[in-house]
Amino acid sequence: MQIMPLVVAIPLGVAFIICLLESVIKEKAKRLSDLLGNLTTFFLLVAALGMIKVVATKGSVTYWVGGWEPIRGIVIGINLVLDGLSVFLLVIIGLVAFMATLFSINYMELYTAKPKYYALFLLMVGGMNGVVLSGDMFNFYVFLEIAAVASYALVAFGTEREELEAAYKYMVMGAVASLFILLAIALLYSFSGTLNMANISEAIACRGINPLIMFSAGLFLMGLGLKAAQVPFHAWLPDAHPAAPAPISAMLSGVLIKALGIYGLFRIFFNLIGFNNLYSTIFMVLGVLSMTVGVFLALGQWDFKRLLAYHSISQMGYVMLGVGLATPLGILGGLFHLVNHAVFKSLLFLNSGAVEYATRTRQLKEMGGLSKKMPITGATCGIASFSIAGIPPFNGFWSKLIIIIACIQTGKYICAGIAILAAVLTLTSFLKVQKYAFFGKLPERLKGIKEVPVFMRISMIILAVLCVGLGLLVLPGVRALILTPAVEVLTNGSRYAQIVLGN
Amino acid sequence: MNNIPILLVIIPFISAPIAILLAKLRAKLRDYFSVLAILSTFVLAVLLFPTISKAPIQNDLFTFSSIKGLTISINLDLLSLFIITLISFVGCLATLYSTGYMKSKGLSRYYTFLLLFIGAMNGTVLAGDLFTMFFFWELMTLSAFFLVIFHNDKQSINAGIKYFIMSEIGALCMLLSIAVIFFSEGTVNIVSLSNAKLALQSNSTHLLLLLFLIGAGVKAGMFPLHTWLPDAHPVAPSPVSALLSGVMIKVGIYLMLRIFWQIFVTAISWHFILCALGSLTILIGVMMALVQTDAKRLLAYHSVSQVGYMILGIGTGISIGVAGGLFHLLNHALFKGLLFLCIGAVIYRTRTRDLSKYGGLSKFMPVTFVCCLVASLSISGVPPFNGFFSKWMIYQGIIESGKQGHQLWILWLVAAIFGSSLTLASFMKLLHAIFLSRPHLTIQQSNLKEAPWPMRLPIIILASLCILFGVFAYQIPLKYLILPCVPNVSFIGFWSPTLATFLIILGLFAGGFIYLAGKIKSVRVSSPYIGGEEIKPEMNISGVDFYRTIEDMGLFKSLYGRAKKGYFDIYNWAKGTVFYIFRLLSAAHSGILPTYLIWCLVGFLILLFVLRG
């Protein structure tokens, strides 16, 4: 029994079922949707963890949808590819999605229409799973759009002025990016006569550098760069991420920008087009720009979630820089930072949600001394803050360390210097968060606040534990299980085609 | 056997969670357990001395097979063991002191971070490779941060944040340097690096050294990176201040010793830079200390100034100078720890740090007074106390370096001696304002008595050591602790502290004899008066006011004025720059969709231009 198509099909199916249930049993659907949503995401997490083992034993696995296997090497059907990089992202998506749904059980009581929320949520998750699994460009695009459209709706979920404005901006810019991506895919199709990634990869490897490929590379860089919120294509993110409900912000910052943008860039540039020095430079320039611009902008923010949103830009810059170095160490650092960022950033957004839930405000200036009344939120937020700032013994320290060392290994001293500058500024801005939100005296207005309900607490605690524990991922034995296969996919480059087609 | 030194780090780390658990049973149990934990590390460190003096323990605990040359290793030689012993000793006394001193809520957090802090410091010193050292270095910063902000008021949070950010900048600068060394030398093991001796071939190696200097300098409180220190040390709880000033900044000095004295072959220009920075640190620290009105802030500035002596000692590059610096490190840990604990005892009873609000406490707290006096004389370098001896060794080092052709040595010597006398001047102020003169109106005399025993005991121990290490300098500290670490020390001139002490005591006896035998008993004692009127309590003039003159002297006036506003603080400069950039970028983010789309388009065009092939 192949589990691979299920991780795409089940969330899409459950989303449909939830909608159906809502129209049939109306009010009762609320509790049921909680249950269904959580079960689905839990299944996704377990399935993804199970797939680690599959990848570890078999390497890459290709699934031909409907049994349409290639005939004499000619691909006639659609394929799903499970390799180190896909399973790596599947685990991240499953983990953050499960934590976010767990958090939503209590948190989404603030909003109405919970079943619709879960339906959209699962649509988005299904789309993301599809993106990381699909082995052909067209399905890549379709799933990308499913996830993106669901996320536009989720950003607007509050349907207040701020949310709608943010969602509108996000939608317009996202649509522009999608069009660029679609155009790039069309160009690749016209070039190679196929939409299958493996075949495209073969064609490009065989026919070499070509202006058409360069042009579509530019289109991809812009389109996927926008999804990954790289400067100068980042402007939608600081509006969209804060406007969404907290668990959605956690999903957007924690996985969406990675599963759509970062994953797409890596897959296309490493495995399809073939990475070279020019792309390496572009990746690093984008990374360094995002890193600095993001963190400088984050420093002066007073809206808790907006501050976090700017940090997502900055931290994605680290990932781009690390992977852009294209050395095994750099890629390792970049991917490691990717999973770390997923954990601590989603935790931070859940923290901001918990704070908002308790105090009904997102303005840091109106908070203070919260860790007295909300010890768990305070402690978990402290851990996440130190993780993102790269303080040992938390996970962010290790990945930043590896990225900086990798920069120095390749002689990119300036990049290392900027990475350090950004790390210090990140620390500065999170100390500011701690100072205004959690340290100090409790203002009069907030005397009556309580710690948040149990499910919100559980998800925050699990993520905080992971912030401490994920540092272990670099240990040789554990690394071989999940990080090394993902790194290998990227270092293999164009050999992706042979691996997928099995020859 | 070879892995026993890890216990020096593991004991405090394991004790931290145990302490939290014990607090559930009884709070006092947790307190004494913490003391016991640190005491056991101290005992262990002392017990290790015979082994280490035979052969240092240098081994790898863990080797990363995938990356060549990357290990987790320990290096316990006499130098690191000496520092670790010092850390655990002062740590133990400070923890004991805390059991009496700390009364607020949430003490489990305090003891946890205290234990982690001491463990992390031990780890930093014990680490045998620079990456491991960096890890513990960061951990030390983190735990110290939580200790500094323990009081959770605005002042301490701001100071803690300043400390954290500045330390982080320093640490990350150091990381750059460490990583470069790792790739150029293939190892970051301290022992192999010391054996290889990195030469300064090109400009880039100078840059490496500079980055290390920034990292260690921030921690040590070296000018111009010292600005976090006078903010952070006063706001921390007193035992923590004693630890910060007494031992944490010494970890920075320890690193400097390793880097400048063991790992790199330093050029004469670097000696010059170190000496110049050391002298500046001495002078600026002491000049700022002179005008402080906050007791603990005054002490904090003296920490800056005293660190200058150590840097100067290392900067001479002469064995006796380095040994003097190391000895001064030991002495400073003792007397500065002692001073912070004494002031802590005073604060414990009076609840204020303002020097103009004390007065006449010597009647109520004689033990504290005597101990504080000993510490003040030690720090000012008055013979026969320990501070004198180490400063004397540093002076010798400077003179010796002058003989070997170092430039401007006479300036460093003048700065050091001048700094020493100003130190005395400012401690006269401190002693007068707190213990002598007349009690301030706000002091409630009924509450005043000696601090409780857990606080008194550490004070007495440290004070006796100050005397002991001064009088028997050759016999105890130099013989067992300092000279084994620094080879080839030769003293010039002659100074026998034991003999001198004997002569001083003899002199005192003689004076006493003359006093008793002679007819000078009939001294007229009258109460002080102003304009024929007896001085009433509200007319009291504290020692602080005498020193206001300095602030008003010509050139100093504008300098002090600006210094108080923070014009000379590089932290403020950096902050200003960062927020300027933020405002620029923020203004560009107008929130208008077409603008953002234009950015995307322009970005795309640039990409196409780059990709044109």
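User: Let me get the classes straight: Ala, Val, Leu, Ile, Met, Phe, Trp, Tyr, Cys and Pro count as nonpolar, Asp, Glu, Lys and Arg as charged, and the others, Gly among them, as polar. By class, what does the lining of the second largest cavity have?

Analyst: Five nonpolar residues, no polar ones and one charged. Bear in mind that this is a predicted model, where local features need pLDDT of at least 70, side-chain atom pairs count only at pLDDT 80 or more, and totals for chains, interfaces and linings use all residues. Residues are numbered from 1 along each chain as its sequence is written, chains are lettered from A and ligands numbered from 1 in the order in which they are written, and side-chain values use heavy atoms, with hydrogens and water left out.

User: What's a cavity here, and which residues line that second one?

Analyst: A cavity is a set of points, on a 1 Å grid over the protein atoms alone, where a 1.4 Å probe fits but cannot get out; lining residues have an atom within 4 Å of a point. Here the lining is Tyr170(A), Leu226(A), Lys227(A), Trp236(A), Leu256(A) and Leu260(A). In chain A, helices H8 (211-227) and H10 (246-273) each give two or more residues to it. Helices are DSSP runs of H or I, at least four residues, and strands are runs of E, at least two, numbered from the N terminus.

User: How much space is in there?

Analyst: About 50 Å³. Volume is the space filled by probe spheres set on the grid points, which are joined across faces, edges and corners.

User: How many cavities of 30 Å³ or more are there?

Analyst: Four. The largest has a volume of about 70 Å³.

User: Which elements line that one?

Analyst: H16 (395-409) of chain A, plus H5 (130-148) and H6 (154-185) of chain B, each give two or more residues. H16(A) gives the most, with four. Chain A residues in the lining include Phe397(A) and Lys400(A), while Glu138(B) and Glu168(B) are among those from chain B. By class, the lining has eight nonpolar, one polar and three charged residues.

User: Switching topic: how many helices and strands does chain A have?

Analyst: 21 helices and two strands.

User: And how many of its 503 residues count as buried?

Analyst: 68% of them, where buried means under 20% relative accessible area with a 1.4 Å probe, protein chains only.

User: What about long-range contacts in chain A?

Analyst: Among contacts with a separation of 6 or more, 80% join residues 24 or more positions apart. Contact means heavy atoms within 4.5 Å.

Methods
1 Å grid on protein atoms, 1.4 Å probe; cavity = no way out; pocket = protein on both sides within 12 Å on 5 of 7 lines; lining within 4 Å. Buried < 20%, exposed > 50% of the residue type's maximum accessible area, 1.4 Å probe, protein only.
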